[in-house]
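Open the model in your viewer and keep the selection panel at hand. The tour goes from one selection to the next.

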Amino acid sequence: MIWRGVLHEYRAYLPFADNVQIVTLNEGNTPLIAAPRLAQALAPGAGMKLYLKYEGLNPTGSFKDRGMTAAITQAVHEGARAVICASTGNTAASAAAYAARASLRCLVLVPEGKIALGKLAACLAYGAEVISIAGSFDDGLAMVREIVQRQPIALVNSINPWRLEGQKTGAFEICDQLGGRAPDWHCLPVGNAGNITAYWMGYKQYNRGLPRLLGGQAAGAAPIVYGRVIEQPETIATAIRIGNPARWQQALDALDESDGQITAVSDADILAAWRQLAHLEGVFVEPASAAGVAALRQQIAAAQLDPQDKTIVCVLTGHGLKDPDAAIAQAAPPHLLPAQTAALEAYLLRK
Ligand code: F0G
């Protein structure tokens, strides 16, 4: 069967009208990659079956495309001519792409200087109107929530319930890829908390068993962990630089119902996990995407999570090319050599 995107694939589980015209880029169907070397590094000898759900392979390079196909499809169905969102970058790029495909005007609000290069480039390339605000994601979200009360423009942040409807298909896919059952643990980064809310909806609806949820928030932007709004969130993982998540309560409910955990991970721990993903498994992600792995690492090390013979899925939310600056800042610069084989040979044989 040819893959035509998550709405076609899981139509029976989604509450769309029969006559809806689906706007899709054939998103979804991302690989669930076995990660035996990372598993061995995190929990030597524990027989942990670790899998990476590589959402960076979606059409715009992040998991947001699952929810955006649904939000834009419904917006068009309801007659919208324009859409708007606040974003740390990935939602904006996804909205811009699907809006282009549906001939909608698209406005995206991003925090000035805090959006990774690949995301900004994509928004501009897709022809979105990029509005850079001297404030945080949370400020931007407050602005767009207000403007949609006054103006005929559809909000496509994950406050929009259709975003969650599309996003929950990630849980269906994981169950399908594991041969018809949910993992024991499901680990993921948490920012605005749409994704954790949607995954939990998906697992409950699909009825293939329920995982325990493990969320990772960046320590400088961990409102759910600390139980208070963070006025000035800060982290290298700019995607999850959020101090007042819109789906805060739903995230708490999901954690509670799943007997899950949410934990703060330092930027250093995020980068350590990020490096392990690339070095041990050949999987390059943006820093925020490693927060779920960092949380898993931390919880195993602290004996808060028993990995023995468990099936564990970490969702890797965005591609590494989203944030080339972060990657380059973490590495030594390339080796400079003259364009001569002798120089190459000397380099190769250096002690
Ligand atoms: N990982 C990446 C790469 C993200 O871009 C985001 C959120 C998250 C994780 C967290 O997901 O918000 O559902 O808890 N990015 C949003 C954006 C906020 O605007 O692109 P969440």
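The stops below follow the ligand and its surroundings.

This is a predicted model, in which local features need pLDDT of at least 70, side-chain atom pairs count only at pLDDT 80 or more, and totals for chains, interfaces and linings use all residues. Residues are numbered from 1 along each chain as its sequence is written, and side-chain values use heavy atoms, with hydrogens and water left out.

Select the ligand, then its shell (residues with a heavy atom within 4 Å of it). You should have 20 residues, the closest being S87, G191, N192, A193 and T317. Colour them by type: seven are nonpolar, 11 polar and two charged. Gly counts as polar here.

Next, show the backbone of G191, N192 and G194. A backbone N or O atom of N192 lies 2.7 Å from a ligand oxygen atom. For G191 that distance is 2.8 Å, and for G194 it is 3.1 Å. Now turn on the surface. Alone, the ligand exposes 470 Å², and the protein buries 98% of that (Shrake-Rupley, 1.4 Å probe).

Select the helices α4 (90-101) and α9 (194-206). Each supplies at least two shell residues; helices here are DSSP runs (H or I) of at least four residues.

Finally, colour by domain, with bounds from an automatic or database assignment. Domain 1 (6-61 + 163-329) and domain 2 (64-160) each give the shell at least three residues.

Key. A polar contact is a pair of N or O atoms within 3.5 Å; within protein, one must be able to donate a hydrogen and the other to accept it, and residues adjacent in sequence count only if both atoms are side-chain atoms.
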